[in-house]
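Here is a short tour of one protein model. Start with the cysteines, then step back to the whole chain.

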Amino acid sequence: MPADFLQKGYRVIAEISRGWVGPGVPFYKEGLWRLSRRISLSGRDNILYIEGGVGKLSVYQGKRLLFRGAAPMVWIPLIDTGETEVRIEGERGGITGGIYLLGRTGSVGWPAEPYPPSLPHCNQPLLYFSESEALKISPLRHSLGRCWGYPFLPPARVQKVLHSQHHQIALGSYASPSQPRLLSLPAFAILWGGLAFLFSLFPLLHTAFWHGLFTPRPTNPIESFLGLIWSLGALASLFLPSKESLFWLISVSLLIEAVFLKARGMEGHWVWQSLLLPLALSLLVGLLYPSVLFGLAFGLWVSRALCFIRRITPFAYLWALELFIAIFVLYP
């Protein structure tokens, strides 16, 4: 809210983000959109405050055009009192924050400090968000000090999380023929080169690579240690730093699964053996088709769980718990 309005005694009378005829706020649409509703104005000097406007907006009160322009924060003085109709129209954009009614009366106070706090800008984003993804908070809460690319200034609730996690933002349109690469070429080369080297020294690792997803294979402690290190390195390359929470979630799950298998009298090294082939496929897809990486990774994780359940039926309960925790952590 502008400081001038605070000094003049304006406060939030009501949040009116809900109840409009049209898309639900917050939203972003590629085509034409329109919001309309009737609101009741009491007293004088009422202001319609739109936070998170994207694209060019037109605001009408009745048949009168009160505002037309493009700005992330818009405040429009309303006229008359009593019940009136307000319409907001736009194209290829939307309202990613909220809509508020301001006035000189009311008990709801607006924070005196700048809200949201200003964010530092950067030039080389780690990851670009689409229009729909720009409205979400995850994975911002699970990483620190990153540079994120946005097509427009994100809404205040997202900016607040960005500020609290010491993130930076880059604004602009980043549409390109190819998706942003989540896996670097050096990491890909090191991991595949390391895997080929391990296969040449330890033939049992080669066998575990092709058959470990379906059934455990005997390996000695050194082979188990090297195979586990390679698996964790592949996980880190795929999910760090943009999906840190997913990396730690999978790592903790592997530890729990190993303990579970040991308790059931099974080979604990089946945990990392069952990851070798899925991780290798994920590395290829992460390099060539990053947009479908997480969908494929989930499908491979389900296939892996089914292989475990086929041998150990109670594993279904453990996997269901892992899935529940993943949904809880990744979608706050």
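A disulfide is a pair of cysteine sulfur atoms within 2.5 Å. The model shown here is predicted.

**The disulfide**

How many disulfides does a search of the whole structure find? The search finds one. It joins C122 to C147, with an S to S distance of 1.9 Å. The link of C122 and C147 is right-handed, with 90 degrees about the S-S bond. C122 sits in the loop between strand 7 (82-103) and strand 8 (127-128), while C147 belongs to strand 9 (residues 147-150), so the disulfide ties together parts that are 25 residues apart in sequence.

Are these two cysteines buried or exposed? C122 is buried, and C147 is buried too. Another cysteine can be placed by its accessibility. Buried means under 20% relative accessible area. C307 has 10% relative accessibility, so C307 counts as buried.

**The whole protein**

Now the wider view. The secondary structure comes to nine helices and 10 strands. The protein has 332 residues, and buried residues make up 46% of them. The exposed surface is about 17,300 Å². Carbon and sulfur atoms supply 62% of that area. Contacts tell about distance along the chain. Among contacts with a separation of 6 or more, 67% are between residues 24 or more positions apart.

The shares are set side by side here.

| Share in the protein | Value |
|---|---|
| Buried residues, of the 332 residues | 46% |
| Contacts 24 or more positions apart, of those with a separation of 6 or more | 67% |
| Exposed area from carbon and sulfur atoms, of about 17,300 Å² | 62% |

Note on methods. Residues numbered from 1 in each chain as written. Predicted model: local features only at pLDDT ≥ 70, side-chain atom pairs only at ≥ 80, totals over all residues. Heavy atoms only, no water. Helix = DSSP H or I, 4+ residues; strand = E, 2+ residues; numbered from the N terminus. Buried < 20%, exposed > 50% of the residue type's maximum accessible area, 1.4 Å probe, protein only. Contact = heavy atoms within 4.5 Å. Areas by Shrake-Rupley, 256 points an atom, 1.4 Å probe, with all protein chains shown as cover.
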